[in-house]
Amino acid sequence: LVASSTGKTATLGSLATMKEEEGQTEIRRENLQRLVEVTGRFEGVDLGSGIAAVQKAVEGMNLPNSITMSRIFSVPVLIWMLSPVFPFRGHGEQEIAASIVFILASITDGLDGYLARRWKQVTTIGTLLDPIADKMLVSAALISLVQVRALPGWMAVLIIGREFAVSGLRSIAATEGYTIKASDLGKTKMFCQVVAISVMLL
């Protein structure tokens, strides 16, 4: 009886081991199938050039570009300050804090370009991020003002639509080999926008 019981136990142990091995084999088969699928998706794609582009972008994060990134990071801060969840409200603190953040972020618009040109650190990623940061900042301020009913919605749509239209035209010109640089009139427009939005925030 003891021998029979021992034999049955060994048999059950062998069956459990076999099932475990079969389970591991099935997992390996599924992982291999996933690997084949992923490899198929990237077939014909030059991953080396993609990695080189990422490395180039990381190397391009100098001080002017970091200032540009700070302007982008100020956008959610500005939205939070103008939202109903801002803790300091009712005595003008909310408006003053939002105005300070917006004005400081707007100052970085000229500072990053000035430093990049003076230190000869103009990069592709900086050229790309600078107009994006400007439009994000202005759009966030205008939409927040519409939310608090300090600005008519049609006016915000008109200004933001104009910004995106200009960006679209610049993209089309870039594909044709032309570069449209910011004119003095455009800089004056940005300055007037900053002054007007700052006044409305207060």
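Student: Which residues does aspartate 112 contact, leaving aside its neighbours within four places in sequence?
Tutor: In this predicted model, aspartate 112 is in contact with Pro64, Ile67, Thr68, Arg71 and Asp130, once its neighbours within four places in sequence are left aside.

Student: And where does aspartate 112 sit, and is it buried or exposed?
Tutor: Aspartate 112 has its place in helix 4, and because its relative accessible area is 3%, under the 20% that marks a buried residue, aspartate 112 is buried.

Student: OK, what about lysine 135, which helix is that in?
Tutor: Lysine 135 is found in helix 5, where its relative accessibility of 14% means that it counts as buried.

Student: What does lysine 135 touch, not counting residues up to four places away in sequence?
Tutor: With those residues set aside, lysine 135 touches Glu163 and Ser167.

Student: Back to helix 4, then: how do the axes of helix 4 and helix 5 cross?
Tutor: The axes of helix 4, residues 93-118, and helix 5, residues 124-147, come within 11 Å and cross at roughly 160 degrees. Helix 4 and helix 5 are therefore roughly antiparallel to each other, and helix 4 passes helix 5 in a left-handed crossing.

Student: Which residues make that contact?
Tutor: Helix 4 contributes Phe102, Ala105, Ser106, Asp109 and Asp112, while helix 5 contributes Asp130, Asp134, Leu137 and Ala141. Sorted by class, the contact of helix 4 with helix 5 has 4 nonpolar, 1 polar and 4 charged residues. Asp112 and Asp130, which are among the residues of this contact, also touch each other.

Student: Switching partners, at what angle do helix 3 and helix 5 pack?
Tutor: Helix 3 and helix 5 pack at an angle of about 20 degrees, with their axes 9 Å apart, and that angle makes helix 3 roughly parallel to helix 5. The crossing of helix 3 and helix 5 is left-handed.

Student: Which residues are in that one, and what classes do they fall into?
Tutor: From helix 3 the contact includes Asn65, Thr68, Arg71 and Leu78, and from helix 5 it includes Asp130, Asp134, Leu137 and Ala141. The residues of the contact of helix 3 with helix 5 divide into 12 nonpolar, 5 polar and 3 charged.

Student: What else does leucine 78 contact, again leaving aside neighbours within four places in sequence?
Tutor: Leucine 78 is in contact with Ala98, Val101 and Phe102, and also with Leu137 and Ala141.

Student: How many residues are in the largest nonpolar core?
Tutor: The largest nonpolar core has 23 residues, and those with the most contacts inside it are Leu78, Met81, Phe102, Leu137, Leu142, Ile197 and Leu201. Two or more residues come from each of helix 3 (63-81), helix 4, helix 5, helix 6 (153-175) and helix 7 (184-201).

Student: Which helix gives the largest share of this core?
Tutor: Helix 5 does, with 6 residues.

Student: Last topic, the whole chain: how many helices and strands are there, and how much of the protein is buried?
Tutor: The secondary structure comes to 7 helices and 0 strands, and buried residues make up 26% of the 202 residues in the protein.

Student: And what share of the contacts with a separation of 6 or more comes from residues 24 or more positions apart?
Tutor: Residues 24 or more positions apart account for 72% of those contacts.

How values were computed:
Residues numbered from 1 in each chain as written. Predicted model: local features only at pLDDT ≥ 70, side-chain atom pairs only at ≥ 80, totals over all residues. Heavy atoms only, no water. Axes fitted to C-alpha atoms, helices over the stretch in contact; angles between N-to-C directions. Helix = DSSP H or I, 4+ residues; strand = E, 2+ residues; numbered from the N terminus. Parallel < 35°, antiparallel > 145°, perpendicular 65-115°, else oblique. Left-handed = near helix turned anticlockwise from the far one by under 90°. Contact = heavy atoms within 4.5 Å. Nonpolar A, V, L, I, M, F, W, Y, C, P; charged D, E, K, R; others polar. Core = buried A, V, L, I, M, F, W, Y, C linked by side-chain atoms within 4.5 Å. Buried < 20%, exposed > 50% of the residue type's maximum accessible area, 1.4 Å probe, protein only.
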